[in-house]
Amino acid sequence: MTDAVSAAPVLRTFADFALLRMLGRSSLTIAWLATDIHTGQPVRLLASTYPVTSQVVRERCVEDAQRAARLVHPRLVPVRKVGCVDRFPYVVCDAEPSDLEAPSVAPTVLSLDDVVRRGHDVLDGLSYVHEAGMVHGDLALHTLMLDATGRLRLWGCGLGVALATARNASVSSAPSPPGLGHLLSREIAACGLLMQHWLMGRPPAGEADMPTLLGQMNTIDLRLPIPVPQPVPDSLRLIINRAIDLHPQRRFLHARSFERVLGNWHQTQLLDGDGFDAVLAERIRRGGHLPARPMLVNRVTQIIGMEQQRLDTVVDVLLEDIGLSLGLLRAANSAEASAVSVDEAVITVNRAMQLMGTNGLRRVAGGMKPWPGTLKPVSVRAFEAAMNRALLAGHLAECLAPAGMDAEAAMLAAQFQHLGTLLAAYHFPDELQQIARLKAAGDVGSGQPISEETATLAVLGVDLPGLALAFLRLWGLTDSLRQRVKPIPLDRRIISPTTPAGWIKLVASCANEIVALTELPQPAQPAALTTVLGRYHTALALETEQVRGAMRQARDKLSRHLNPSATD
C-alpha cells in the first residue's frame with residue numbers, strides 16, 4: 001500500500017473495499033477511489049447510485065458488466081471484479097497512481113488538440129464496445145480514466161445499461177430495453193457532449209448529469225454554443241454538432257464513423273500529417289483507385305491495333321479514362337519504367353506511353369477493376385456524372401490552351417482538379433450524400449450556408465483537395481502533380497504566371513470555373529460567365545463567343561468519347 005493510500009481516511013467500507021474518495025457520479029452510477037482491504041491496492045469502484053430493488057435488474061446489471069469485462073482493448077480498463085452487495089451492483093478496476101492525487105478528468109477548458117485527442121480516445125474504445133454488440137451504459141466524466149501516458153480509457157462498461165432502461169420500466173418485471181440503435185445513438189451523443197464540456201469548461205446546457213442531458217437530446221438544442229472560451233473551427237464545430245443534431249438523419253450512425261472523422265480532422269487540420277492515408281489505402285486495396293470505364297478491354301485492344309498510328313491519336317483514346325491515365329502515370333514514374341532513363345517526372349499520358357509502350361499499357365489496364373468497381377448500383381450514376389464533369393473540364397481546358405502550351409497537360413490538370421471529388425464519389429459514396437445533405441440543410445443555428453469544404457471536413461475529416469493529396473502520396477506522385485490537383489482559390493486575384501506549370505494550372509482552373517457555371521440556373525449563367533472571364537481577363541483575355549465555341553467543341557468531344565459507335 002502506498003503512503004498516499006494508507007494516509008487517506010476511509011469514508012466507509014463496501015464489500016471487500018474501503019472507499020476513500022468519490023471520483024464522480026451520475027443519476028445512474030457513482031465512482032469511488034477505494035482500496036482492496038485484503039491487498040491494500042488502490043482500485044476504482046463503480047456502483048449503482050441508488051439501491052436496485054428489482055432482482056431482475058440487479059442480475060441484468062451484473063450479467064452485462066461480466067460480458068463487457070471480457071472485452072480487451074487498449075482504450076478499455078481491465079476489470080478486476082464484478083458483483084452485487086446490499087442491492088448495489090458494482091464493477092472494480094485497478095486505479096492509476098494519479099487517482100491518488102487528483103480527479104482524473106478535471107472539468108477545465110482544454111486546448112483544441114487535447115479536446116480532439118480525448119474525444120478520439122473515447123470513441124476508439126466506445127467503437128470497439130459497440131462493434132462487440134454492447135453499449136457502455138453510463139458514458140460520462142466519472143467513467144473515464146486518464147492513464148499514465150495521458151490517454152483516456154473507458155471503465156465500468158455494461159453496469160449502467162439495465163439501470164438506464166429501468167428508469168422508466170416497472171421494477172417488478174424485466175425491463176424491456178430500447179432498440180440497440182437508440183442506445184448507440186445516445187452514447188455517440190454523449191461523446192459529443194463530453195467534447196463540448198472540455199471546450200467550455202462547464203457542462204453543456206448547465207446540466208451536469210449525463211443521463212438527464214441525453215434524455216433531453218430530442219427536445220432541446222444541445223449544439224455547441226457560438227461563444228466559447230476559444231475559437232473553434234467551423235468544421236470541428238460541425239463534427240461535434242453532428243453527434244447531437246436534433247434531426248437523427250444528420251447524426252453519425254456509428255461511433256466508428258465519428259472516431260474516423262475526428263482522427264482524420266486532427267491529422268489534417270492540427271498535425272498536417274498523413275492520418276487519412278491509411279483509410280484511403282484500405283479502400284484502394286479493396287476497390288482499386290478508380291474503376292475502368294466501360295468497354296476498357298475493347299479500347300485497349302483498339303489501341304494495340306493502332307500501333308502504327310500517330311502517338312497523339314493513341315493518347316486521345318487513352319484520355320477517355322481518367323483511372324487508366326493515372327495508372328499509366330504511376331507506372332511510368334515507378335520501377336516499371338526503370339529500364340528507361342527518366343530524368344524528370346512523367347506528367348502526361350503521351351510521355352508515359354513513350355516509356356511504357358503497349359505492353360506496359362496492357363499490364364496497367366489488366367490491373368484495373370472493371371466498371372463500376374465496388375460501387376453499389378444506387379451510387380453509379382453520381383460517380384458517372386462526376387467523371388463526365390471532369391472529362392468535360394479537361395476537354396474545355398484543351399480547347400482554351402493558348403498557342404505553345406501543352407494542351408494535354410492542361411487537359412489532365414483540369415481533370416485532376418476533380419480527383420478529390422472522384423475519389424470521394426467512388427470510395428466514400430455514402431459520405432458524399434451526407435455532405436450534400438449538410439450543405440442543403442445549412443447551419444440551422446445561424447441560418448448561414450455551409451460550404452462544401454466545411455461539410456466535407458465534418459463528414460470525412462479531410463477536404464477534397466486533401467483527399468486527392470493523400471492519394472498522390474500513396475502513389476508516389478505528390479511532387480509532380482501536387483500543384484495540379486488544387487485549383488486557384490476563388491478568392492485569389494488572378495495574375496499572369498511566370499512558369500509553364502503556372503499557366504497550366506491557370507487554364508485548368510479557368511476551365512473548371514466555367515464548367516461549374518453549368519450547374520447554375522440558365523438565366524444566371526451569362527452574368528456568371530462574364531464574371532469569370534473578367535477574373536481571368538488580364539492573363540487569358542478570353543472573349544464570350546470564344547469560350548462558348550470552346551464549350552461546344554468540348555461537349556462534342558465528350559459526346560464522341562461516351563458514344564464511340566456514333567462515329568463508326
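Select Ala 292 first, which sits in the loop between α9 and α10 (296-305). The model is a predicted one. Is Ala 292 buried or exposed? Its relative accessibility is 3%, so Ala 292 counts as buried, the cut-off for that class being under 20%. Next, display the surroundings of this residue. Beyond the neighbours within four places in sequence, Ala 292 is in contact with Asp 321, Met 368, Lys 369, Pro 370 and Trp 371. Add Ala 365 to the selection: the C-alpha atoms of Ala 292 and Ala 365 lie 7.9 Å apart, although 73 residues separate the two in sequence.

**The second largest pocket**

From the loop, proceed to α9 (276-287), which supplies at least two residues of the lining of the second largest pocket. The same holds for α8 (255-271), α16 (419-427), α17 (429-441) and α18 (452-460). The volume of this pocket is about 700 Å³. To centre the view, select Arg 283, His 427, Phe 428, Asp 430 and Glu 431, which lie nearest the pocket centre among its 30 lining residues. Colouring the lining by class gives 11 nonpolar, nine polar and 10 charged residues.

**The two cavities**

How many cavities of 30 Å³ or more does the structure hold? There are two. Keep α17 selected for the second largest cavity, since α17 has already been displayed for the pocket. This helix provides three residues, the largest share of the cavity lining. The complete lining consists of Arg 242, Gln 249, Arg 250, Gln 434, Arg 437 and Leu 438, and by class it divides into one nonpolar, two polar and three charged residues. The space within the second largest cavity is about 40 Å³.

Now move to the largest cavity, with a volume of about 90 Å³. Select Ala 68, Leu 76, Val 77, Val 79 and Cys 157, the closest to the centre among the 13 residues lining the largest cavity. Helix α2 (residues 55-69) gives the largest share of that lining, three residues. By class, the lining of the largest cavity comprises 12 nonpolar residues, one polar residue and no charged ones.

**Helix α7**

Return to Arg 242, which lines the second largest cavity and is also one of the buried residues of α7. Select the whole helix, residues 234-243: nine of its 10 residues are buried, so α7 is largely enclosed by the rest of the structure. Among the buried residues are Leu 236, Leu 238, Ile 239 and Ile 240, together with Arg 237 and Asn 241.

**Strand β3 and its partners**

Select residues 29-36 next. Why is strand β3 largely enclosed by the rest of the structure? Eight of its eight residues are buried, which accounts for the enclosure. In a regular strand, side chains alternate between the two faces of the sheet. In β3, Thr 29, Ala 31, Leu 33 and Thr 35 point one way, while Ile 30, Trp 32, Ala 34 and Asp 36 point the other way.

Extend the selection to β2 (residues 17-25), which pairs with β3 in the antiparallel sense over seven bridges. Three residues lie between these strands in their hairpin, and Arg 21 has Leu 33 as its bridge partner in β3. Then add β4 (residues 42-48), which runs antiparallel to β3 and is joined to it by seven bridges. Here Thr 29 has Ser 48 as its bridge partner in β4. The hairpin of β3 and β4 has five residues between the strands, and Gly 40 takes a positive phi near 80°.

**Confidence**

Finally, colour the chain by pLDDT. The average is 88, and 90% of the residues score at least 70. Residues 170-177 stay under 50, and the model has 11 contacts for them beyond four places in sequence.

Methods. Residues numbered from 1 in each chain as written. Heavy atoms only, no water. pLDDT = per-residue confidence, 0-100. Contact = heavy atoms within 4.5 Å. Buried < 20%, exposed > 50% of the residue type's maximum accessible area, 1.4 Å probe, protein only. Helix = DSSP H or I, 4+ residues; strand = E, 2+ residues; numbered from the N terminus. Pairing = 2+ DSSP bridges. 1 Å grid on protein atoms, 1.4 Å probe; cavity = no way out; pocket = protein on both sides within 12 Å on 5 of 7 lines; lining within 4 Å. Points joined across faces, edges and corners; volume = space filled by probe spheres on them. Nonpolar A, V, L, I, M, F, W, Y, C, P; charged D, E, K, R; others polar.
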